[in-house]
Amino acid sequence: MRLSPHDPNVTIPLQTDRAAGEPRTTCRQVVELLSDYLDGALPAEVRARVVTHLASCRGCATYLDQLLEVVRRTSSLRQDNPPTGLYDRLRATFRDQRDR
Ligand SMILES: [Zn+2]
């Protein structure tokens, strides 16, 4: 056995992506960005990458659905500032992406 991080047979996907120099968004990155995404706190460029990924990745889209469910429940508890229209707006965004 001679497995080491330098062995070409042992590739770590995340590091490979970064080494490629192309800003490819991984599922892990999307999941980490989702809360900021929902808050509208992401730069437009990053947000576009998240949206593009969500439109083509069922797993992350499902995760977003679950996250939105939590947001809706939480906002119903906090009646002072509900994110009105957030859910519909996101739905519309995904529809646009899929129609392309
Ligand atoms: Zn994904």
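Of the contacts in the protein with a separation of 6 or more, 48% are accounted for by residues 24 or more positions apart. The model in which these contacts were computed is a predicted one, and its secondary structure comes to five helices and zero strands, so that the elements, read from the N terminus on, run α-α-α-α-α. Buried residues make up 5% of the 100 residues in the protein.

Confidence varies along the chain. The average pLDDT of the protein is 76, and 64% of the residues score at least 70. Among the elements, helix H1 (residues 13-20) has the lowest mean pLDDT, at 47, whereas H3 has the highest, at 94. Over residues 14-21 the pLDDT stays under 50, and for this stretch the model has five contacts beyond four places in sequence. Where pLDDT is low, the predicted coordinates should not be read in detail.

Helix H2 comprises 13 residues (residues 27-39), and because a rise of 1.5 Å a residue gives an expected span of 18 Å, the separation of 19 Å between its end C-alpha atoms agrees with expectation. H2 nevertheless contains a kink of about 45°, centred on Leu33. Just after H2, Gly40 adopts a positive phi of about 70°.

The largest nonpolar core is made up of five residues in all, namely Val30, Val50, Leu54, Cys60 and Leu64. To this core, H3 and helix H4 (58-77) each supply at least two residues. In soluble globular proteins, nonpolar side chains tend to be buried together.

Within this core, Leu54, which has its place in helix H3 (residues 44-56), counts as buried because 23 C-beta neighbours lie inside 10 Å, against a cut-off of 20 or more. When its neighbours within four places in sequence are left aside, Leu54 is in contact with Val30, Cys60, Ala61, Leu64 and Phe94. Among these partners, Phe94 lies 40 residues from Leu54 along the chain, and the C-alpha atoms of the two residues are separated by 7.8 Å.

Val50, another member of the core, touches Thr25, Val30, Leu33, Tyr37 and Leu42 when residues up to four places away in sequence are not counted. Its partners thus include Leu33, the residue on which the kink in H2 is centred. Val30, for its part, is in contact with Leu54 and is also touched by Val50.

Note on methods. Residues numbered from 1 in each chain as written. Predicted model: local features only at pLDDT ≥ 70, side-chain atom pairs only at ≥ 80, totals over all residues. Helix = DSSP H or I, 4+ residues; strand = E, 2+ residues; numbered from the N terminus. Expected span 1.5 Å × (residues − 1). Bend = angle between axes of the 7 residues up to and from the residue. Buried ≥ 20, exposed ≤ 12 C-beta atoms within 10 Å, placed from the backbone. Contact = placed C-beta atoms within 7 Å. Core = buried A, V, L, I, M, F, W, Y, C linked by C-beta atoms within 7 Å. pLDDT = per-residue confidence, 0-100.
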